[in-house]
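Here is my notebook from an afternoon of looking things up. Feel free to follow along with the structure open beside you.

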Amino acid sequence: MEEENRGSEQNSAPKTEAKPNMQANPQGTMQAKPQTSTTESKPEVNAEAKTEAKPAQNRNNNRNNNRNNNNRRPNNNQNRNGNGDKPAGNKPNNNRNRNKNRHRRQPTPVDENLKAFVAKNQEAHKQRLNPHYKLDLNSKAKIRITPLGGLGEIGGNIMVMETDNEAILIDIGMSFPDETMHGVDILIPDFSYLREIKDKIVAVIITHAHEDHIGAMPYLYKEMQFPIYGTPLPLAMIGNKFDEHHIKEHRKFFNPIVKRQVYEIGNDFKIEWMHMTHSIIDSSTIAVTTDAGTLIHTGDFKIDYTPVDGYTADLHRLAYYGDKGVLCLLSDSTNSHNPIATGSELSVAPALDRIFSKAEGRILLSTFSSNIHRVQQAIQYGIQYGRKICVIGRSMERNIELAMQYDYVRFNKNIFVDPDEVAQLEDKEVLIVTTGSQGETNSALFRMSIGEHRHIKIKPSDLIVLSSRAIPGNEGSISAMLNNIQRAGASVAMSKDIHVSGHASMEEQKLMLRLVNPKFFLPIHGEYNHVMRHRETGMMCGVPERNILLMTDGEQIEIAPKYMRKVKTVKTGKTYIDNQNNHKIDDDIILDRQKLASDGVVMIVAEVSEQNSKMLAKPKVTTFGIVPDRLDKAFAKEIEDVLEIFLTNIKPGLIENSRALENDVRQVVRKHIFRKMKKYPLIVPHMLVH
């Protein structure tokens with residue numbers, strides 16, 4: 001028991017010291033009370049009783065006391081006297097402070113040599129990522145860039161790059177009209193500015209063979225001619241256009257190039273074509289080197305890591321130029337809103353395989369005629385499932401023929417049959433590859449859907465595969481064609497997995513920006529919302545906002561190693577073309593057609609006396625699109641009254657000037673019709689003065 005009591009005393013002593021009686025001093029701090037004999041003896045009695053009764057509980061209390069001591073560590077100020085000094089002999093507090101110092105983590109020693117190399121690596125990153133250090137900032141050279149089409153629209157791409165002495169044109173494309181351009185088949189750029197700088201132009205540079213990049217070539221070359229540089233397929237397709245327009249002799253301007261070779265064009269330009277993947281084969285990105293620096297023009301592109309022909313985009317060459325230093329990047333913005341990487345052309349193969357394997361009747365596949373690799377895959381699956389191939393549609397026939405002639409694709413000619421031979425084959429032995437995926441009213445597929453094609457009629461056992469996306473504006477015509485197809489009883493396959501885009505999404509645009517690492521950035525090819533989104537992607541990839549400009553057609557941008565700015569605006573616009581006879585349609589004709597369609601026409605024939613300025617007979621009034629036939633007489637009476645009032649108050653001498661007289665009649669009648677009907681019809685007056 002004595003040993004136990006001694007042990008209890010030892011255990012209880014810290015408890016007594018750890019809980020001194022505290023009282024508030026006048027300064028408001030807590031101070032220990034003097035301990036009396038009662039306080040000293042009381043813990044011993046309590047400790048003995050606890051030891052005899054509950055030794056296990058005593059050990060738990062000790063643990064709790066230690067925890068309480070630890071919890072009170074932050075409040076060490078409570079153990080100070082009124083002057084803020086520690087009371088003498090406060091051993092528990094000193095022990096706690098020593099423990100605290102013992103567990104404090106000592107700082108890791110810094111290796112100054114390693115720290116110096118961190119700074120060196122940061123400087124290396126700065127030199128690598130900041131193109132400012134790679135350009136000749138002392139150079140006074142500059143280059144001007146002027147888009148004449150392709151900005152604020154999809155298609156119609158044409159761009160001028162010029163120095164003080166020379167200029168080149170990059171692509172000369174066409175675009176398509178909207179529903180208000182009645183009788184117009186295609187739109188081509190206004191060549192007014194090219195006429196101004198005709199003597200400076202040394203070459204036309206072609207990136208790829210899509211219509212929106214080469215479609216206007218024959219219209220330009222009927223007026224002016226320059227050397228044409230490009231890869232073989234685009235030149236072959238341009239040659240076909242020259243043949244159609246009866247200007248075969250202009251083939252002499254062709255200069256085929258080899259990719260990865262630098263061509264000196266004129267005195268001011270060095271140009272290299274780099275292979276790029278797109279929805280048409282033999283596409284290129286170009287590097288234009290001038291005294292001011294190197295500019296990269298991507299053309300239309302996507303980054304396809306598994307292209308059908310195995311020819312991937314030349315990322316190594318892009319990185320080479322990026323490492324040397326690029327003054328400006330001009331990059332395709334068409335698909336800039338899509339955050340998901342554009343699929344590989346090979347990704348449509350499983351869906352085509354699944355569709356072809358299940359089809360029991362004829363398959364009619366329609367896609368863009370320029371997408372040779374899509375057509376190639378469809379033909380391969382057609383052969384795999386024992387089908388003969390029938391190609392219908394002028395552009396489709398021509399493009400497949402060219403691709404085979406120049407060995408871009410290889411097929412045995414005995415797999416093909418003519419349209420008039422299809423009826424002799426069983427339905428399960430036929431694959432028809434045709435144009436018309438956009439619902440064009442004169443396309444082969446549309447004529448088949450309404451039963452007007454000479455050889456092929458849609459029937460219920462047919463499967464129609466639309467391997468394309470709807471170009472904005474074509475949704476209505478596609479829907480009308482689908483209605484006709486389904487009315488004929490055929491099935492339609494047009495799921496997303498049988499088409500992929502040919503344009504770079506946001507992730508591929510980022511890759512292009514990081515590879516090229518330009519000082520200045522000009523988003524091109526697309527409507528304003530596309531280039532605006534591409535601008536944001538450029539800023540994400542390290543191009544300062546002040547180094548990015550959003551261009552519109554006709555704005556001229558001047559670029560030098562130290563700056564980029566807008567300098568002037570040149571004349572631009574569209575020229576309307578009737579594709580039936582390949583002739584230009586004047587602007588006033590289009591305006592008249594629009595007015596006729598929206599407001600109608602009024603034709604007036606009136607005989608007027610030269611002597612007294614009165615009508616010799618009732619005027620003849622004919623209207624179209626203004627009033628219904630039953631109201632023609634009432635409307636003619638209104639116009640007669642208007643003319644009588646006008647002639648009563650006619651200006652002296654006006655009756656003798658027939659042209660001025662008709663102009664005034666036109667204005668008076670137009671005002672009357674607008675007041676009554678809120679329309680501005682086309683007014684055609686004939687005033688016969690006797």
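**Entry 1: a charge over a ring.** I began with Lys-678, in what is a predicted model. Its charged end sits over the ring of Phe-674, 5.7 Å from the ring centre. I then found another case: the charged end of Lys-120 lies over the ring of Phe-117, at 4.5 Å from the centre.

**Entry 2: the whole chain.** Next I stepped back for an overview. The chain has 690 residues, and 47% of them are buried. I noted 20 helices and 27 strands. The accessible surface comes to about 35800 Å², and carbon and sulfur atoms account for 48% of that. I also looked up the contacts with a separation of 6 or more: 71% of them join residues 24 or more positions apart.

**Entry 3: aromatic pairs.** How many aromatic pairs does a search of the whole structure find? I got eight. I picked out Tyr-221 and Phe-242, whose ring centres are 5.5 Å apart. Their planes meet at 40°, which falls between the 30 degrees below which a pair is stacked and the 60 above which it is edge-to-face, so this pair is tilted.

I wanted to know where the two partners sit in the chain. Tyr-221 belongs to helix α8 (residues 217-221), and Phe-242 belongs to helix α9 (residues 232-244). They are 21 residues apart, so I wrote down that the pair links distant parts of the chain. Are these two residues buried or exposed? Both Tyr-221 and Phe-242 are buried. I also saw that they have company: Tyr-221, Phe-242, Phe-253 and Phe-254 make up one aromatic cluster.

**Entry 4: Glu-244.** I stayed with helix α9, where Glu-244 is also found. Its relative accessibility is 35%; buried would need under 20% and exposed over 50%, so Glu-244 counts as partly exposed. I checked its distance to Pro-218 as well. The two are 26 residues apart in sequence, while their C-alpha atoms are 9.0 Å apart in space.

**Entry 5: cysteines.** How many disulfides does the structure hold? My search gave zero. I still looked up two cysteines for their accessibility. Cys-390 has 0% relative accessibility, so it counts as buried. Cys-541 has a relative accessible area of 8%, and because the cut-off for buried is under 20%, Cys-541 is buried too.

Methods. Residues numbered from 1 in each chain as written. Predicted model: local features only at pLDDT ≥ 70, side-chain atom pairs only at ≥ 80, totals over all residues. Heavy atoms only, no water. Phe/Tyr/Trp six-rings, centres within 6.5 Å; stacked < 30°, edge-to-face > 60°. Helix = DSSP H or I, 4+ residues; strand = E, 2+ residues; numbered from the N terminus. Buried < 20%, exposed > 50% of the residue type's maximum accessible area, 1.4 Å probe, protein only. Lys NZ or Arg CZ within 6 Å of the ring centre and 35° of its normal. Disulfide = S-S within 2.5 Å. Contact = heavy atoms within 4.5 Å. Areas by Shrake-Rupley, 256 points an atom, 1.4 Å probe, with all protein chains shown as cover.
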